[in-house]
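Here are a few exercises to work through with the model open beside you. Try each task before reading the solution under it.

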Amino acid sequence: MTELVEHGQLFIGGELTDPLGKDVIEVVSPHTGEVFGRVPHAAPADVDRAVAAARKAFDEGPWPRMTLDERIAVVSRIKDAIAVRHEEIAKVISQENGSPYSWAVLAQALGAMMVWDSAINVARDFTYEEARDGALGKLLVRREPVGVVAAVVPWNVPQFVAAAKLAPALLAGCTVVLKPSPESPLDAYILGEIAKEAGLPEGVLSILPADREVSEYLVGHPGIDKISFTGSVAAGKRVMEVAARNLTRVTLELGGKSAAVVLPDADVESTVAGVVPAAWMNNGQACVAQTRILLPRARYDEFAEAFTAAASALVVGDPLDPATQVGPLVAKRQQQRNLDYIRIGQEEGAKVLTGGGAPTKSGLEHGWYVEPTLFGDVNNSMRIAREEIFGPVICLLPYGDETEAVKIANDSDYGLSGSVWTADVAHGIDVARQVRTGTYNVNTFSLDMLGPFGGYKNSGVGREFGPEGFSAYLEHKMIHLPAGYEPEEG
């Protein structure tokens, strides 16, 4: 039986504090179905306390008034501590959401550390004030911290997404109320401990695990200046609706149904080796997962056979086993959602090439597992090709020519990620320019934290990472100067 992890207090304004509510979040292992953690459920009154602390720290405290180098020093200590404790963080997240430990080490923990590091590099090189020639005279254009930030993060990559919001916000001089998902609140306590030890001043960071009702109270709070949300399209639309009441600035990173376009000249072995990890990463619980694989009809059978063999060989098991490649889904509801889509796909006429149900392997019967499933003979009108399943269920779609492939790739309510696989990189770049997504890959799959990340259409509003994402935590100010005055560069 997994050892029970319990926290009785909330991290508010930099200190562990007794909660004002009595509700408790029980964290359930997706591998065993047993409760292995308990934390307080933040109440609206706790939100009020956290926002008040953040407001005071921003309006009166030292953090926004420190030099950039001073803030970088604190944030660097956070980054370094995550690197030191990466194995601990990875283990906790694997227990929370079923992420395979080997993947969690690289993406959940070290990936988060890289986000912090990249944000430091962006902040260091960013231009915060510049002189500019205006139409009527000299101008100073400044970028100043936006204020108090509500950062709402999902359960699938909790530390990575927390870093994507916290790192730029803190470096910009903002204060933050972080709202972890109720499925994955335990790793956030490690982050709170790290932030306190790093020397964040009083009030700068609060961490409030809670459900959607309290999340809505947070994003609708009049003391919040900026919301950064990652989650489902439905929840993102609700966040934008609630934020509109106060005209609160919003960044939304939402879902995806990304297409990997395999061109007729692509090499089978290298293409399959590149696409399979991009499709089934984190048990398919990734917004950028390449869930639609587009294959040329002339080579469809050849590629389908290779993808089927690779998917069939994926190792399903205990997420803490280093050999595991596909672990359990985060919750029973997610398991049932995936099984329902597998049934729907078959009813729509798609063919299950491998997988297609819950695994029967001994030791997995109590967990929320779904076999790595590959559908063949899918067309883009089917629900399994249009709707985000968020699990290890992938579709193969045949196409005639390149024009049709691009059309299929773009025929989606989403526009987050994608890839093209070809022997001609220059031609692949041309295809990349035609697909309407926020990020794209040619003969590879990665996410670079020094470039902008976000989506077109229902995949979101705004960008994270790089100077574009950093700008989201800054307000732009124009200062008109009198005639004849020459400002010094800031």
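**Exercise 1. The neighbours of I78**

Leaving aside neighbours within four places in sequence, find which residues I78 is in contact with.

*Solution.* Keep in mind that this is a predicted model. Start at I78 and skip anything up to four places away along the chain; what remains in contact is W116, L191, I194, A195, A198 and L200. Now step back to the bigger picture: the largest nonpolar core has 102 residues, and I78, W116 and L200 are among those with the most contacts inside it. L170, L178, L205 and I227 are also on that list. Apart from this core lies another one, of 29 residues, including V261, I342, C395 and Y440.

**Exercise 2. Classify two aromatic pairs**

Work out what kind of aromatic pair Y128 and F470 form, then do the same for F160 and F465.

*Solution.* A pair of aromatic rings is described by the distance of the centres and the angle of the planes. A search of the whole structure turns up 6 such pairs; we'll take two.

- Step one: Y128 and F470 are 6.1 Å apart, centre to centre, with 80° between the planes, and the pair is edge-to-face.
- Step two: place them on the chain. Y128 is in the loop between α4 (101–125) and β6 (129–133), while F470 is in helix α15 (residues 466–471), so this pair links distant parts of the chain, 342 residues apart.
- Step three: check burial. F470 has 1% relative accessibility, so it counts as buried.
- Step four: the ring centres of F160 and F465 are 5.8 Å apart and the planes are at 80°; over 60 is edge-to-face, so this pair is too.
- Step five: F160 belongs to helix α5 (residues 158–172) and F465 to the loop between β22 (460–461) and α15, so the pair ties together parts 305 residues apart in sequence.
- Step six: F160 is buried at 15% relative accessibility, and F465 is buried at 7%.

One more thing to spot: Y128 and F470 form one aromatic cluster with F126.

**Exercise 3. How do α2 and α5 pack?**

Decide whether α2 is roughly parallel or roughly antiparallel to α5.

*Solution.* The two helices pack at an angle of about 150°, with axes 9 Å apart. Over 145 counts as roughly antiparallel, so that is what α2 is relative to α5. On the α2 side the contact is made by L68, R71, I72 and V75, and on the α5 side by L170, L171 and A172.

Just past α2 (68–84) you'll find R85, in the loop leading to α3 (86–97). Is R85 buried or exposed? At 17% relative accessibility, R85 counts as buried. Not counting residues up to four places away in sequence, R85 touches I190, E193 and I194.

**Exercise 4. Two asparagines with positive phi**

Compare the settings of N283 and N443.

*Solution.* Neither is a glycine, yet phi is positive: about 65° for N283 and about 55° for N443. N283 lies in the loop between α9 (268–280) and β14 (292–296), and N443 in the loop between β20 (441–442) and β21 (456–457). Now look at accessibility: N283, at 0%, counts as buried, whereas N443, at 32%, is partly exposed.

**Exercise 5. A charge over a ring**

Find which ring the charged end of K226 sits over.

*Solution.* Follow the K226 side chain to its charged end: that end sits over the ring of Y473, 5.6 Å from the ring centre.

Terms used. Residues are numbered from 1 along each chain as its sequence is written. This is a predicted model: local features need pLDDT of at least 70, side-chain atom pairs count only at pLDDT 80 or more; totals for chains, interfaces and linings use all residues. Side-chain values use heavy atoms; hydrogens and water are left out. A nonpolar core is a set of buried Ala, Val, Leu, Ile, Met, Phe, Trp, Tyr and Cys residues joined through side-chain atoms within 4.5 Å. Buried means under 20% relative accessible area, exposed over 50%, partly exposed in between (1.4 Å probe, protein chains only). Contact means heavy atoms within 4.5 Å. Rings of Phe, Tyr and Trp (its six-membered ring) pair if their centres lie within 6.5 Å; planes under 30 degrees apart count as stacked, over 60 as edge-to-face and the rest as tilted. Helices (H or I, at least four residues) and strands (E, at least two) are DSSP runs, numbered from the N terminus. A charge sits over a ring if NZ of Lys or CZ of Arg is within 6 Å of the ring centre and within 35 degrees of the ring normal. Axes are lines fitted to C-alpha atoms, for helices over the stretch in contact, and angles run from 0 to 180 degrees between N-to-C directions. Angles under 35 degrees count as roughly parallel, over 145 as roughly antiparallel, 65 to 115 as roughly perpendicular and the rest as oblique.
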